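I opened a fresh page for this one and kept my notes short. Have the viewer at hand and follow along with me.

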Amino acid sequence: NQVDSAQHYFKLFLASARKRTDLKELATLIKNIGFDYNNIGEKRIGLAHIQDAYTIAQQTNDPALESDVLRSLGLVYSYLTVYDSADLQLNQALQRLERIKDEKGQIQILQNLGNNAARGNQLGKALDYYHKGVRIAQEIEDARNEAGLYSMMAFSYAVLGEPAEAIHYYG
């Protein structure tokens, strides 16, 4: 079966990755393996690998890498419907990006936070995150991310039963 084949190759890839001496590369590879496990439906195995990757990423003192791995942890927790844990991981990722002033990264994490809140039926909280992302996108003149966030806001307002507000953001 395809899942068994994928797991076989993931194990070979993981054994090869663990031979790496560059911790940043190792953390990224293990995180990617974890996300691949998530994508084939093995979310708990994926989560364990991403947690291992975070332990390694912490040793690098690289806030961008730590944020990337925390983001992956948050996404997998969200897929597992453990929304509070997802929110915690994503907010930790956001803090690291704020520290290094990575505005584009902050927008992405705010979108992830909004999506996680929306999945957990907290649409008001989702809208707060999307609004924060829009403010940053406007400050750095990032029209693409601004438009994407407006679309998510419009959808959230539509779900909340506020069609006039939804149309405002779709328009």
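**Entry 1, a buried threonine.** I started with Thr60 and asked for its accessibility. Its relative accessible area is 17%, and because buried means under 20%, Thr60 counts as buried. I should add early on that I am working with a predicted model.

I then looked up where Thr60 sits: the loop between α3 (43–58) and α4. Its side chain reaches back to the backbone oxygen of Ala57, at 2.6 Å. Leaving aside residues up to four places away in sequence, I found Thr60 touching Leu23, Lys24 and Leu65.

**Entry 2, the next residue along.** Is Asn61 buried or exposed? I got a relative accessible area of 66%, so Asn61 is exposed. Asn61 is found in the loop between α3 and α4. Its backbone caught my eye too: phi is near 55 degrees, a positive value in a residue other than glycine.

**Entry 3, into helix α4.** I moved on to Asp62, which caps the N-terminal end of α4. One of its side-chain oxygens lies 3.0 Å from the backbone nitrogen of Ala64.

Helix α4 itself covers residues 63–79, which makes 17 residues. From first C-alpha to last I noted a reach of 24 Å, close to the 24 Å expected at 1.5 Å a residue. How many residues of α4 are buried? The answer is 13 of the 17, so the helix is largely enclosed by the rest of the structure.

**Entry 4, leaving α4.** Just after the helix I stopped at Thr81, in the loop between α4 and α5 (83–99). Phi of Thr81 is near 65 degrees, again a positive value in a residue other than glycine.

**Entry 5, a look at the surface.** I wanted to know which residues make a nonpolar surface patch, and I wrote down Phe155, Val159 and Tyr170. The patch comes to about 340 Å². Tyr170 belongs to helix α9 (residues 163–170).

**Entry 6, the whole chain.** I finished by zooming out. The chain has nine helices and zero strands. Its C-alpha trace spans about 55 × 40 × 25 Å along the principal axes. Of the 171 residues, 46% are buried.

For contacts between residues at least 6 apart in sequence, I noted that 49% join residues at least 24 apart. The chain exposes about 9,100 Å², with carbon and sulfur atoms supplying 49% of that area.

Terms used: Residues numbered from 1 in each chain as written. Predicted model: local features only at pLDDT ≥ 70, side-chain atom pairs only at ≥ 80, totals over all residues. Heavy atoms only, no water. Helix = DSSP H or I, 4+ residues; strand = E, 2+ residues; numbered from the N terminus. Expected span 1.5 Å × (residues − 1). Buried < 20%, exposed > 50% of the residue type's maximum accessible area, 1.4 Å probe, protein only. Polar contact = N/O pair within 3.5 Å; in protein donor to acceptor, adjacent residues only side chain to side chain. Contact = heavy atoms within 4.5 Å. Patch = residues over 30% accessible without salt bridge, like charges linked within 9 Å, V, L, I, M, F, W, Y side chains within 5 Å. Areas by Shrake-Rupley, 256 points an atom, 1.4 Å probe, with all protein chains shown as cover. Salt bridge = Lys/Arg side-chain N within 4 Å of Asp/Glu carboxyl O.
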